[in-house]
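Subject: A structure for you to look at

Hello,

I am handing over a structure that I have been going through, and I would like you to have it open while you read. Please take a moment to turn it around before moving on to my notes.

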Amino acid sequence: MRNKSILVLIEYMVMLLVFALAASVCLRMFALSGKLSRTYEATDRAVLAAQNAAELIKRVGISGFAELTGAKADGEDTWTVFYDENWENASEKNGKFVLKVVGTETSEYLFRAEVVVFTDTGEELFRLPVAGQCKTEVTVYEEV
């Protein structure tokens, strides 16, 4: 009779060990899913911010984009906009996300730029190339 009680105790210990192992795996996956969810949410918001910036650049040009958004010039062809954790415009020291517009090529009639969104740690979330037509004055010729 004593041998059977030891076997039952060993069986319970093995079941408890398997349950603890399964629970630890589940908790680890739960924590990882929260981190992935935050990462994917930030990427989705970065895509939206980059698309909005690209459409604005196409409409008013890079200099118009800088004026309308209050972007900070970081050089001749680079502008930066900072966002807080809620994706609202923020100052440089409060910025959690950074949107950079880099003008890569400009001719008399066409321009190219790249919109890149980073986290404050420098991790790139999204990159979007932009091309458009420069706003030019239309000359009207009179017939003689």
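How many of the 144 residues of the protein chain, as a percentage, count as buried? The value is 26%. Please keep in mind that this is a predicted model.

Let's begin with the overall layout. The protein chain has 1 helix and 6 strands. Reading from the N terminus, you will meet them in the order α-β-β-β-β-β-β.

Next, the dimensions. The C-alpha trace spans about 120 × 35 × 20 Å along its principal axes. The radius of gyration of the protein chain is 28 Å, while a compact globule of 144 residues would have one near 15 Å. Take the contacts between residues at least 6 apart in sequence: 34% of these join residues at least 24 apart.

Now for the surface and the charges. About 11100 Å² of the protein chain is exposed, and 58% of that area comes from carbon and sulfur atoms. There are 15 positive and 21 negative charges, and their mean positions lie 17 Å apart.

With that in mind, have a look at the strands near the end of the list. Strand 5 (residues 110-119) and strand 6 (residues 124-133) run antiparallel and are joined by 9 bridges. You can pick out one pair by eye: Glu 114 has Pro 129 in strand 6 as its bridge partner. The hairpin of these two strands has 4 residues between them, and there Gly 122 takes a positive phi near 95°. As a general point while you follow a strand, side chains in a regular strand alternate between the two faces of the sheet.

Two loop residues are also worth finding. Which residue has a positive phi of about 65° although it is not a glycine? That is Trp 87, and you will find Trp 87 in the loop between strand 2 (78-83) and strand 3 (89-90). Is Trp 87 buried or exposed? Trp 87 counts as buried because its relative accessibility is 10%, which is under the 20% cut-off.

The other one is Lys 93, in the loop between strand 3 and strand 4 (97-106). Lys 93 counts as exposed because its relative accessible area is 76%, over the 50% cut-off. From Lys 93 to Glu 114 there are 21 residues along the sequence, and the C-alpha to C-alpha distance is 24 Å.

Enjoy exploring, and send me your questions.

Best wishes

How values were computed
Residues are numbered from 1 along each chain as its sequence is written. This is a predicted model: local features need pLDDT of at least 70, side-chain atom pairs count only at pLDDT 80 or more; totals for chains, interfaces and linings use all residues. Side-chain values use heavy atoms; hydrogens and water are left out. The radius of gyration is taken over C-alpha atoms; the globule rule is 2.2 Å times the number of residues to the power 0.38. Buried means under 20% relative accessible area, exposed over 50%, partly exposed in between (1.4 Å probe, protein chains only). Contact means heavy atoms within 4.5 Å. Accessible areas come from the Shrake-Rupley method with a 1.4 Å probe; for residues, only the protein chains shown count as cover. Lys and Arg count as positive and Asp and Glu as negative; His and the chain ends are not counted. The place of a charge is taken as NZ of Lys, CZ of Arg, CG of Asp or CD of Glu. Two strands pair if DSSP finds at least two bridges between them.
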